[in-house]
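Some notes on this entry follow, as numbered points. Please read them with the structure open.

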Amino acid sequence: MDLSLLEDSKYTSNIVGRINVESAQEFKKDIKNISDDILILEENDNDKNQIIFIIKFLNSYKNDAYSLLRRFEFEKFEINGLEGSPNELINSADSRLKSIENEKSQLSSELKELADKWDDEIFIIKEQLEIEKDRNEIFATFGETESTTMLEAWVPLKKIR
């Protein structure tokens with residue numbers, strides 16, 4: 001079935017989602033109290049203890065249906081904009097995941113090349129920054145009393161007289 005058929009139309013609305021098996025029977029009974037003109041297709045979700053519903057109804061029942069669904073903790077699936085069969089969409093998603101994985105491995109190898117290229121220079125810059133940090137923090141090591149002052153500092157070799 002083409003999933004684009006599940007789009008809302010001018011006169012009808014569709015809801016696709018999942019509900020607990022325990023709540024499903026009570027939900028089906030309560031939704032029939034809204035109207036007998038509501039179509040419900042259901043399928044057991046093999047992975048969980050839940051039922052997947054496709055609910056089709058006139059737009060005039062939309063507010064009542066949504067209100068009822070909120071009471072039963074209905075998990076709505078977003079179906080807007082989907083076209084094609086579920087298998088086509090799954091295959092498309094799988095191929096997209098593979099291409100993303102390929103991109104990820106390609107980017108990882110590019111990052112490794114960049115890291116190898118710039119690793120030494122970054123290490124040198126890091127060392128220089130640590131030296132500058134030590135020089136700037138030297139003022140914290142000054143000791144002072146009323147009659148004495150102690151200084152510890154860096155002096156370049158060519159500045160010594």
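1. Helix α3 comes up first. It has 52 residues, yet its end C-alpha atoms are only 64 Å apart, whereas a straight helix at 1.5 Å a residue would reach 76 Å. The coordinates are those of a predicted model, and this applies to every point below.

2. Where does α3 bend? The bend is at Trp 118 and amounts to about 50°. Trp 118 belongs to helix α3, which covers residues 86-137. The Trp 118 residue is partly exposed, with a relative accessible area of 37%; the cut-offs for that class are 20% and 50%.

3. Trp 118 is also part of a nonpolar patch on the surface. The other members are Leu 111, Leu 114 and Ile 122, and the four residues together have about 420 Å² of accessible area. Anyone inspecting the bend at Trp 118 will therefore be looking at a patch residue too, because a relative accessible area over 30% is required of patch members and Trp 118 has 37%.

4. Salt bridges are the next topic. How many does a search of the whole structure find? The search finds seven. Three of them are described in the points that follow, starting with Asp 30 and Arg 71.

5. The side chains of Asp 30 and Arg 71 meet at 2.9 Å, N to O. Asp 30 lies in helix α1 (residues 21-34) and Arg 71 in helix α2 (residues 62-71), so the salt bridge ties together parts that are 41 residues apart in sequence. Is each partner buried or exposed? Asp 30 is buried, with a relative accessible area of 13%, whereas Arg 71 is exposed at 57%.

6. Lys 112 and Asp 116 form a salt bridge at 3.8 Å, N to O. Both residues lie in helix α3, four residues apart, about one turn of the helix. In general, an α-helix has 3.6 residues a turn, so residues three or four places apart point the same way. Lys 112 and Asp 116 are both exposed.

7. Glu 103 and Arg 96 give another salt bridge, at 3.6 Å, N to O. Glu 103 is partly exposed, with a relative accessible area of 41%. Arg 96 is likewise partly exposed, at 47%.

8. The sheet is open and consists of four strands in the order β2-β3-β1-β4, with antiparallel pairing. Its edge strands are β2 (39-45) and β4, each of which pairs on one side only.

9. Strand β1 (residues 12-20) deserves a separate look. Eight of its nine residues are buried, so β1 is largely enclosed by the rest of the structure. With strand β3 (residues 50-58), β1 pairs in the antiparallel sense over nine bridges. Ile 15 stands opposite Ile 55 in β3, and Asn 20 has Gln 50 in β3 as its bridge partner.

10. Strand β4 (residues 75-76) also pairs with β1 in the antiparallel sense, over two bridges. Which residue of β4 is the bridge partner of Gly 17? That residue is Lys 76. The pairing rests on two bridges, and at least two are needed for strands to count as paired. A check of the edge of the sheet could begin with this pair, Gly 17 and Lys 76.

Definitions and conventions
Residues are numbered from 1 along each chain as its sequence is written. This is a predicted model: local features need pLDDT of at least 70, side-chain atom pairs count only at pLDDT 80 or more; totals for chains, interfaces and linings use all residues. Side-chain values use heavy atoms; hydrogens and water are left out. Buried means under 20% relative accessible area, exposed over 50%, partly exposed in between (1.4 Å probe, protein chains only). Patches are made of residues with over 30% relative accessible area and no salt bridge: like charges are joined within 9 Å, nonpolar side chains (Val, Leu, Ile, Met, Phe, Trp, Tyr) within 5 Å. Accessible areas come from the Shrake-Rupley method with a 1.4 Å probe; for residues, only the protein chains shown count as cover. The expected span of a helix is 1.5 Å times one less than its number of residues. The bend at a residue is the angle between axes fitted to the seven residues ending there and the seven starting there.
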